[in-house]
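User: Please take a close look at the salt bridges in this model. I would like to know where they sit and what surrounds them.

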Amino acid sequence: MTSHPLATATAGHPVLRVPPASPEAAAAHFGASLAFHADVSDVAAAFAAGGDPGFVLLDSRSTESWNQGHIPGAVHLPTALIAEQAQNLLDPAVPVVTYCWGPGCNGATRAALALARLGYRVKEMLGGFEYWAREGFGYQTWEGHERRDADPLTAPAGAEDCGC
């Protein structure tokens, strides 16, 4: 009987020194991940569809950051103010999607944690404002509406979506 190639992975293998999880464990993990995260393209598609997207998009950055650029339709609530102001701005029955600067910032994670502790259903938008702008979606600044060309490393050139 021949063993499966993964069964013979060696300690020196850079990828398989720790073997992949079972399909059942992987399905549980990745399913849970999607329960906690949304991506920029999906948020943009929900907004582009028109009408109620079914969630509130929350920008958890400072006022200076908000003025520098924010996603149209987002609610501004800095993380430090969530505990005292969330109940005045957010309906507990409506899910909240948080964002901050980008992948190098955990501000959206801190905001999501603060909201979850208050009883809100919440997801974090992966990529944050950085990837919103890099993928070519429009944003507001204190000067008005802006849009950058999509970075071809983050979004397919000339296509409506990435096909993910």
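Analyst: This is a predicted model, and it holds three salt bridges. As background, side chains of opposite charge can pair when their charged atoms come close.

One of the pairs is Arg61 with Asp59, whose side chains meet with N and O 2.7 Å apart. Are these two residues buried or exposed? Arg61 and Asp59 are both buried. For this label the relative accessible area has to be under 20%.

Asp59 also leads to the strands. Its place is opposite Tyr99 in strand 4. Strand 2, residues 56–59, pairs with strand 4 in the parallel sense, and four bridges connect the two. Strand 4 covers residues 96–99. Val96 and Thr98 point to one side of strand 4, while Val97 and Tyr99 point to the other, and all of them are buried. This fits a general pattern: in a regular strand the side chains alternate between the two faces of the sheet.

Strand 4 has a further partner in strand 5, residues 122–126; these two strands run parallel and are joined by three bridges. In strand 5, Val122 is the bridge partner of Val96. Between strand 4 and strand 5 the chain passes through helix 5, residues 107–117, and this β-α-β crossover is right-handed.

The next salt bridges involve helix 6, which spans residues 128–134. Glu130 and Arg134 form one of them, with 3.2 Å between the closest N and O atoms. Both residues belong to helix 6 and are four residues apart, about one turn of the helix. How far is each of them exposed? Glu130 has a relative accessible area of 33%, so it counts as partly exposed. Arg134, with a relative accessible area of 24%, is also partly exposed. The range for this label runs from 20% to 50%.

Arg134 forms a salt bridge with Asp151 as well, and here the closest N and O atoms are 2.6 Å apart. Why does this pair tie together parts of the chain that are 17 residues apart in sequence? Because Asp151 lies in the segment after strand 7 (144–146), whereas Arg134 is in helix 6. Through shared partners, the salt bridges join Glu130, Arg134 and Asp151 into one network.

To sum up, the salt bridge between Arg61 and Asp59 has two buried partners, while Glu130, Arg134 and Asp151 are linked in one network.

Methods. Residues numbered from 1 in each chain as written. Predicted model: local features only at pLDDT ≥ 70, side-chain atom pairs only at ≥ 80, totals over all residues. Heavy atoms only, no water. Buried < 20%, exposed > 50% of the residue type's maximum accessible area, 1.4 Å probe, protein only. Pairing = 2+ DSSP bridges. Right-handed = clockwise from strand over helix to strand, strands pointing away. Salt bridge = Lys/Arg side-chain N within 4 Å of Asp/Glu carboxyl O.
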